[in-house]
Amino acid sequence: MLENLSTIFFWILVAMGVALIIAVVGLALMWHQIKALRVPYHAGFFTTLQYVPLSLVILLDLLDFALDIFAAPISWITLDRLGLRGLRNKAALEALIPFTQPIPTFTIAWIATRLLDLDDTVVPQFIAGDDRSHG
């Protein structure tokens with residue numbers, strides 16, 4: 001039983017190491033492409049997700065998986081330097097929530113943003129129950 005647990009632990013560490021290498025290399029290769037995006041300075045989470053490519057959010061999810069809670073400060077600094085301030089808080093918060101690291105939350109949010117056509121003006125109205133169509 002103990003041998004099985006150590007084997008599982010070993011392969012999880014291997015997966016985290018591979019994820020870290022892919023995330024770091026991918027972010028380094030994409031750095032100039034992401035810096036060239038013209039995301040509005042005050043864009044929120046969903047608006048920023050409309051501007052960024054899927055590959056970036058996948059790399060952020062891999063970084064989160066690889067570094068667990070240590071991804072919070074690294075993600076914050078990286079996203080700030082890339083000019084993606086709308087993603088900073090969510091990346092740091094998600095990195096600090098235990099056991100969410102294997103869940104690709106940024107990738108899911110990116111897909112939902114596009115499928116549901118979400119932006120920063122629609123979501124607060126939905127949450128507040130502001131339905132102006134009945135009015």
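Arg 88 and Asp 80 form a salt bridge in which the closest N and O atoms lie 2.8 Å apart. Both partners are buried: Arg 88 is, and so is Asp 80. The pair does not stand by itself, since salt bridges with shared partners join Asp 80, Arg 81, Arg 85 and Arg 88 into one network. The model is a predicted one, and the distances here are computed from it.

The other links of this network also run through Asp 80. Arg 81 forms a salt bridge with Asp 80, with the closest N and O atoms 3.0 Å apart. Asp 80 forms another with Arg 85, where the closest N and O atoms are 3.6 Å apart. A search of the whole structure finds three salt bridges. The degree of cover varies along the network. Asp 80 has a relative accessible area of 18%, and it counts as buried because that value falls under 20%. Arg 81, with a relative accessible area of 48%, is partly exposed. Arg 85 is likewise partly exposed, with a relative accessible area of 29%.

The network can be placed in the overall fold. The protein chain contains seven helices and zero strands, and its pattern along the sequence reads α-α-α-α-α-α-α. Of its 135 residues, 35% count as buried. Among contacts between residues at least 6 apart in sequence, 71% join residues at least 24 apart.

Helix H5 covers residues 85-96, a range that takes in Arg 85 and Arg 88. H5 has 12 residues and reaches 18 Å from its first C-alpha to its last, close to the 16 Å expected at 1.5 Å a residue. Which residues of H5 are buried? They are Gly 86, Leu 87, Arg 88, Ala 91, Ala 92, Glu 94 and Ala 95. An α-helix has 3.6 residues a turn, so residues three or four places apart point the same way. The buried residues of H5 pack against H2, H3, H4 and H6.

Leu 87 leads on to the nonpolar interior. The largest nonpolar core has 31 residues, and those touching the most other members are Phe 45, Leu 49, Val 52, Leu 56, Leu 84, Leu 87 and Phe 106. The elements giving two or more residues to this core are H1, helix H2 (45-51), helix H3 (54-67), helix H4 (71-81), H5 and helix H6 (105-115). Which element supplies the largest share of the core? H3 does, with seven residues.

Val 52 shows how parts of the chain meet. Apart from its neighbours within four places in sequence, Val 52 is in contact with Leu 37, Val 57, Leu 84, Leu 87, Trp 110 and Arg 114. Two of these partners, Leu 84 and Leu 87, are also listed with Val 52 among the core residues that touch the most other members.

The last stop is the surface. The protein chain exposes about 8,600 Å², and carbon and sulfur atoms supply 71% of that area. A nonpolar patch of about 580 Å² on the surface is made by Met 1, Leu 2, Leu 5, Ile 8 and Ile 12. Ile 8 has its place in helix H1, which covers residues 2-35. With a relative accessible area of 48%, Ile 8 is partly exposed. Ile 8 can belong to the patch because patches are made of residues with over 30% relative accessible area and no salt bridge.

Notes
Residues numbered from 1 in each chain as written. Predicted model: local features only at pLDDT ≥ 70, side-chain atom pairs only at ≥ 80, totals over all residues. Heavy atoms only, no water. Patch = residues over 30% accessible without salt bridge, like charges linked within 9 Å, V, L, I, M, F, W, Y side chains within 5 Å. Areas by Shrake-Rupley, 256 points an atom, 1.4 Å probe, with all protein chains shown as cover. Salt bridge = Lys/Arg side-chain N within 4 Å of Asp/Glu carboxyl O. Helix = DSSP H or I, 4+ residues; strand = E, 2+ residues; numbered from the N terminus. Buried < 20%, exposed > 50% of the residue type's maximum accessible area, 1.4 Å probe, protein only. Contact = heavy atoms within 4.5 Å. Core = buried A, V, L, I, M, F, W, Y, C linked by side-chain atoms within 4.5 Å. Expected span 1.5 Å × (residues − 1).
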